[in-house]
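Work through the exercises below with the sequence and the structure at hand. Each task is followed by a solution in steps.

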Amino acid sequence: MDSERNNTRIFKGIGASPGIVIGEARVADRSRVVVVETSIPSENVQSEIQRFHEALETTKEQLNSIKEQITRSSGTEHLYVIDTHLMILDDSMLTSETIEIIRNDRINAEAALKRTLKKFMGFFEGIEDEYLRERSSDVQTVVERVLRNMLGKRHELLDETDGRVIVIAHDLSPADILQVDKEKVIGFVTDLGGKTSHTAILARSLEIPAVLGLEKITTEISDGDALIIDGDKGIVIVHPDEETFRDYLQHKQYYEYRERELLKLKDLPAETLDGHRILLKGNVEFIEEVPSIMKHGGEGIGLYRTEMLFIGRSLVPDEEEQYQAYAQVVRRMFPFPVTIRTLDVGGDKFVSDLNLTDELNPALGLRAIRLSLRCPELFKTQLRAILRASAHGKVKIFFPMISGVAEIREAKTLLGVAKSELRKSGVPFDEEIEIGIMIETPSAVLIADLLAREVDFFSVGTNDLIQYSLAIDRTNEHLSSLYEPLHPAVLRSLKLVSEAAHAAGISVCICGEMAGEPSYLPILLGLGFDELSMNAVSIPKVKHILRRCSKIEAEILVDQALKFSTACEVELYLQQEITTKFADSFD
Ligand code: PEP
Ligand code: MG
């Protein structure tokens, strides 16, 4: 527990899905199944194995029926989660290992399966990649379901409930989340889980506030406790006193009012007071995020990070699977464009099937386009899948972490090969597909004029550009104060890139986190960026500021900002300008 006031207790976890809700706790029985190990006589080994197979079959049937139920109630977009669980169930290692334990150690099937799970978990714990590590919870969920079937325990998350409740659980599986009635469940709080777990992703896409990773919250909260959860700050307040309750009620009302007001901007143009239009788009990693981009008024997807399809699995997805995933996003966004980025793994993103060797400096290593060019078959497979998806709407394609012209030429050659292969097989695709690059390295900034001749658009990845320009590891929390988006070197780089793009007559976007920070908007507008791509909820916030700016004033502001010597000075100046001009827009 983080703090206590009277009877009020406040806990801090991970804000996994934004929003504030006030309600009653409902503790779901998601405690782990207790398994007792018992020896079995050798003549029972075969029947025990049979019992295990039957539990697997029952689990499969249950998952398939959940799949049907979800298809009927919320469409097909979340089904991949259940498919992941079905795949785990089919994993031959999980089955053969358990059968071997039953056979060799002559113990009951439940205990044998628990031992197999323990072995799997040990393997997951050693993995550094957060996304992949969190897939261990998928394996746990599936095994838990099999165990419940063997022991005849129930699976439903909640008994019949009439009120609107906040569900408290040790852990929640994606299937749990998908099955809840949104009218009745207004929030989630769990002991386990992190920001990139499927549970978090689904809670965000269903827009149900969630605080996860509180470790032992299930032992602190009982059924019927009054609760406040703040999914932005990751705070859970149990038994709020009157003052806290009143404060939060006000805070919640204001938050919801602001959200509603901002959503009213959805169909208004992203246009300045002096009539200058820029495109505001969304960044996505999963199909689930597409509805939220539409709801917040995104005019397309400026960055579709495809690597999430590759991470957390033993084999890379084949062309058909990639094509299906890309085409789904493209169809959902139609008539808006979807800008698909080719694989950006390596560095801190790990894909087991690619057998990447350990590197001393992974951020400077075999990542992104370098890896794609090193593995041409893998790259061509992805290019063909993207090209095929282009037949279903408006698709653009771009390459990450380009550092020189030669890389673009090589990538374009392989794209040409992929096109002619499709042409030969009579497979349709957009012959005029636009090609772009990410500007993320200092070398790309310095030769932006040369690069601009080769492509149709630029998109600046400020997350990496800042990392490489200032030599600050973007993942190192000890250096976070030195990671300065307003550093004069960064501003000068942005200016160079924007000018080079326009001189060559191509468009220029920013798709790094800078784009979604409303207070930076006057600078990015003044620097001349044509498009900004960001997370869904930031779109109306940025649009709100944009509609109150003038392009001419923003250009004057940038001229002034470029005269300062430190990021701190730029920041102070920007703050002053913002407080005078948009006093009420930044709370
Ligand atoms: C960036 O570097 O700014 C970017 C958008 O790419 P990623 O965050 O995926 O590296
Ligand atoms: Mg990047």
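**Exercise 1: a core residue**

Task: List which residues Phe458 is in contact with, leaving aside its neighbours within four places in sequence.

Solution: In this predicted model, Phe458 is in contact with Ile437, Ile439, Ala448, Leu451, Ala452, Val497, Ala501, Ile506, Ser507, Val508 and Cys509, once neighbours within four places in sequence are set aside. Next, place the residue in its core: the largest nonpolar core has 98 residues, and Phe458, Leu494, Ile523 and Leu532 have the most contacts inside it. Another core, of 33 residues, lies apart from that one and includes Ile82, Ile107, Leu113 and Val143.

**Exercise 2: a helix pair**

Task: Determine how the axes of helix α4 (residues 109-125) and helix α6 (residues 136-151) cross.

Solution: The two axes come within 11 Å and cross at roughly 175 degrees. Angles over 145 degrees count as roughly antiparallel, so α4 is roughly antiparallel to α6. For the contact itself, α4 contributes residues including Leu113, Leu117 and Phe120, while those of α6 include Val139, Val143 and Leu147. The contact residues divide into twelve nonpolar, two polar and two charged.

**Exercise 3: the metal site**

Task: Identify the protein donors of the magnesium ion (ligand 2) and locate them in the chain.

Solution: The donors are Glu440 (OE) and Asp464 (OD), lying 2.1 Å from the ion. Glu440 is in the loop between β14 (434-439) and α15 (442-446), and Asp464 is in helix α17 (residues 462-470), so the pair ties together parts 24 residues apart in sequence. Glu440 is buried, with a relative accessible area of 2%. Asp464 also counts as buried, at 3% relative accessibility.

Key: Residues are numbered from 1 along each chain as its sequence is written. Chains are lettered from A and ligands numbered from 1 in the order in which they are written. This is a predicted model: local features need pLDDT of at least 70, side-chain atom pairs count only at pLDDT 80 or more; totals for chains, interfaces and linings use all residues. Side-chain values use heavy atoms; hydrogens and water are left out. Axes are lines fitted to C-alpha atoms, for helices over the stretch in contact, and angles run from 0 to 180 degrees between N-to-C directions. Helices (H or I, at least four residues) and strands (E, at least two) are DSSP runs, numbered from the N terminus. Angles under 35 degrees count as roughly parallel, over 145 as roughly antiparallel, 65 to 115 as roughly perpendicular and the rest as oblique. Contact means heavy atoms within 4.5 Å. Ala, Val, Leu, Ile, Met, Phe, Trp, Tyr, Cys and Pro count as nonpolar, Asp, Glu, Lys and Arg as charged, and the others, Gly among them, as polar. A nonpolar core is a set of buried Ala, Val, Leu, Ile, Met, Phe, Trp, Tyr and Cys residues joined through side-chain atoms within 4.5 Å. Buried means under 20% relative accessible area, exposed over 50%, partly exposed in between (1.4 Å probe, protein chains only). Donors are N, O and S atoms within 2.8 Å of the metal (3.2 Å for Na, K and Ca); water is not among the atoms, so sites may look incomplete.
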